[in-house]
Amino acid sequence: MMEVAAVLKAELNAEFLATVAEKSDGAALRGDYAHADEQYVVQQDWAAYTEAEHELWRKLYQRQAALLPGRACDEFIEALHQMDAADGIPEFTHTSGELFKATGWTIVAVPGLIPELAFFNHLANRRFPVTVWLRTPAEFDYIVEPDVFHDFFGHVPLLFNPVFADYMQRYGQGGLKAMQLGGLDNLARLYWYTVEFGLINTPQGLRIYGAGILSSGGEVEYCLKPGTGSRHIHLNIERCLRTLYKIDSYQETYFAIDSYQELFDGTAPDFTPLYEKLKDLEVLPANTLLSGEVELLA
Ligand code: PHE
Ligand code: CO
């Protein structure tokens, strides 16, 4: 039994590594996958982080935290402060316990990017995978693969919000379903434009809830600046599912929601007919503005 599982995992892993290597120009994945279990879960080994890594974390944290007021949504800022993660790379088990009390989610440690099936399976079971390794000082401003700073600082705070937490679980369930229906490219765009790069309308103006923005030194300021040429439009799910995205530059389109409930309700319907319909529609370039779409940032 064990052997079969190990072989299966090795095959999955080889396929996965090949996919990622292709995506990132032949560069190998950084994490240590040798000790991961079938769900790609590892131990965090918190004691192994060096003082230099904790210091780099503190610098990253301070730079980002200073940029948040007036830009990040209140839910993010409040949860971040309660997480008590300013003094060094946090112990996942500590935050995970708090998170479980708040919304029933837990944090699991992973070596880095993991295959889609394992990723969706974690989300569908209210487990958020967080990468264990931290970027190098040379990557202070920009990193290609998600590291512990992006995953933890960027993603975990919003999981304390009950409605957003439910949306994330539903997304995982939707991902498993999309894999069967050939809808993964479409659904991945929704994750990108909401969970990673989403904005939310508030009485005070547009605010950020997307983790990709909130963990980025430059994009936090860029995404809310008028006159950059990037678009800020209200989220339309079908439109979003057709929209290509850039992985190596600031976004050319940001989609804004009015509430997390809007996300949750908008993703309740069966997407099967939507995936079918989208197979006959053209994809839209990242900088598209369709007629009737309103720029939200005056
Ligand atoms: N409700 C969608 C379906 O039936 C799945 C989904 C969930 C999509 C959450 C996006 C976000 O396929
Ligand atoms: Co992310």
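**Exercise 1. Work out how many of the residues of helix 6 (residues 148-155) are buried, and what covers them.**

Step 1: Start with the count: eight of the eight residues in helix 6 are buried, so the helix is mostly covered. Buried here means 20 or more other C-beta atoms within 10 Å of a residue's own, with exposed at 12 or fewer and partly exposed in between; the C-beta atoms are placed from the backbone. Helices (H or I, at least four residues) and strands (E, at least two) are DSSP runs, numbered from the N terminus.

Step 2: Put names to them: Val148, Phe149, His150, Asp151, Phe152, Phe153, Gly154 and His155.

Step 3: Look for the cover, which includes helix 2 (51-67), strand 2 (127-131) and helix 9 (211-214). Contact means that two C-beta atoms, placed from the backbone, lie within 7 Å.

Before you go on, some housekeeping. This is a predicted model: local features need pLDDT of at least 70, side-chain atom pairs count only at pLDDT 80 or more, and totals for chains, interfaces and linings use all residues. Residues are numbered from 1 along each chain as its sequence is written, while chains are lettered from A and ligands numbered from 1 in the order in which they are written.

**Exercise 2. Lay out the open sheet and find its edges.**

Step 1: Four strands make up the sheet, in the order 4-3-6-5, with mixed pairing. For two strands to pair, DSSP must find at least two bridges between them.

Step 2: Go to the ends of that order. Strand 4 (205-208) and strand 5 (231-234) are the edges; each has a single partner strand, so one side of each lacks a neighbour in the sheet.

Step 3: From one strand to the next, the twist averages 35°. Axes are lines fitted to C-alpha atoms (for helices, over the stretch in contact), and angles run from 0 to 180 degrees between N-to-C directions.

Step 4: Now take strand 6 (residues 253-257), which pairs in the parallel sense with strand 3 (residues 199-202) over two bridges. Isoleucine 200 sits opposite isoleucine 257 of strand 6. Strand 5 also runs parallel to strand 6, over four bridges, and isoleucine 233 has phenylalanine 255 as its bridge partner there.

Step 5: Check burial: four of the five residues of strand 6 are buried.

**Exercise 3. Describe the shell around ligand 1 by residue, class and helix.**

Step 1: List the shell: Arg170, Tyr171, Gly174, Lys177, Leu187, Leu190, Thr267, Ala268, Pro269, Asp270 and Phe271. The cut-off for being near the ligand is a C-beta atom, placed from the backbone, within 6 Å.

Step 2: Sort by class, which gives six nonpolar, two polar and three charged residues. Ala, Val, Leu, Ile, Met, Phe, Trp, Tyr, Cys and Pro count as nonpolar, Asp, Glu, Lys and Arg as charged, and the others, Gly among them, as polar.

Step 3: Trace the helices. Helix 7 (162-181) and helix 8 (184-196) each supply at least two shell residues, and helix 7 gives the largest share, four residues.

**Exercise 4. Place asparagine 287: buried, exposed or partly exposed?**

Step 1: Asparagine 287 lies in the segment after helix 13 (272-278).

Step 2: Asparagine 287 counts as partly exposed because it has 14 C-beta neighbours inside 10 Å.

Step 3: Leaving out residues up to four places away in sequence, asparagine 287 touches Glu252 and Thr253. Its C-alpha is 6.0 Å from that of threonine 253, although 34 residues separate them in sequence.
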